[in-house]
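Open the model in your viewer and keep the selection panel at hand. This tour moves from one selection to the next and says what is there each time.

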Amino acid sequence: MNIVEIKGGTAKQKELAHKVVGWYLKKMLPRYRTIEITVKLTNCMSRDGAYGYCMQYGDREYEIEVDKSLRLYDLVSTLTHELTHLKQYVRNEMAPLDGNYIRWKKKVYPTSMSYADYPWEKEAFRLERQLAIECFEEVL
């Protein structure tokens, strides 16, 4: 059974994040049952300008950070964006090789590329709006 823990934010934001993560896992990763996810609702945008992050720790442990000051739609779309990165890690589509390279599917990319040019970011941006809308229609 997947484990989802939500930290920070308001009670409503925690409830929202839990619903979005549960919905995403059922939709995009239905066969996986051993994922441990911690979602932190923080002030990451004021700290470094990013809406969110997804990090992998260990084999099936992940941490997603999303800025808690985002409006409802932006919070959901950012969470779906970061969950797409989680999917990429879980399915082994993306893997950091060292500090200078990342493997995406069968190709290796330098970390010095422009953020918008990374294929894993292109996928996450392409899916975030569609997934956020579906989530609102089906769950929220």
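Begin by selecting Val139, which touches Lys19 and Trp23 when residues up to four places away in sequence are not counted; contact here means heavy atoms within 4.5 Å. This is a predicted model, in which local features need pLDDT of at least 70 and side-chain atom pairs count only at pLDDT 80 or more, while totals for chains, interfaces and linings use all residues. Residues are numbered from 1 along each chain as its sequence is written, and side-chain values use heavy atoms, with hydrogens and water left out.

Stay with Val139, which lies in the segment after helix 4; helices (H or I, at least four residues) and strands (E, at least two) are DSSP runs, numbered from the N terminus. Because its relative accessibility is 31%, Val139 counts as partly exposed, a class that lies between buried (under 20% relative accessible area) and exposed (over 50%), using a 1.4 Å probe and protein chains only. Now add Leu16 to the selection: Val139 and Leu16 are 123 residues apart in sequence, yet 9.5 Å apart in space, C-alpha to C-alpha.

Next, select helix 1, residues 11-28. Which of its residues are buried? They are Gln13, Leu16, Ala17, Val20, Val21, Trp23, Tyr24, Leu25 and Met28, and what covers them includes strand 1 (3-8), strand 2 (36-42), helix 3 and helix 4.

Add helix 3 (residues 72-90), and look at how helix 1 packs against helix 3 at an angle of about 40°, with their axes 10 Å apart. The axes are lines fitted to C-alpha atoms, for helices over the stretch in contact, and angles run from 0 to 180 degrees between N-to-C directions. That angle makes helix 1 oblique to helix 3, since angles under 35 degrees count as roughly parallel, over 145 as roughly antiparallel, 65 to 115 as roughly perpendicular and the rest as oblique. To see where they meet, select Leu16, Ala17, Val20, Val21, Tyr24 and Met28 in helix 1 together with Leu72, Leu75, Val76, Leu79, Thr80, Leu83, Thr84 and Lys87 in helix 3.

Finally, keep helix 3 and bring in helix 4 (residues 119-138), where the two axes come within 8 Å and cross at roughly 130°. That makes helix 3 oblique to helix 4. Among the residues that make this contact are Leu72, Tyr73 and Val76 of helix 3 and Trp120, Glu121 and Phe136 of helix 4.

Key. The expected span of a helix is 1.5 Å times one less than its number of residues.
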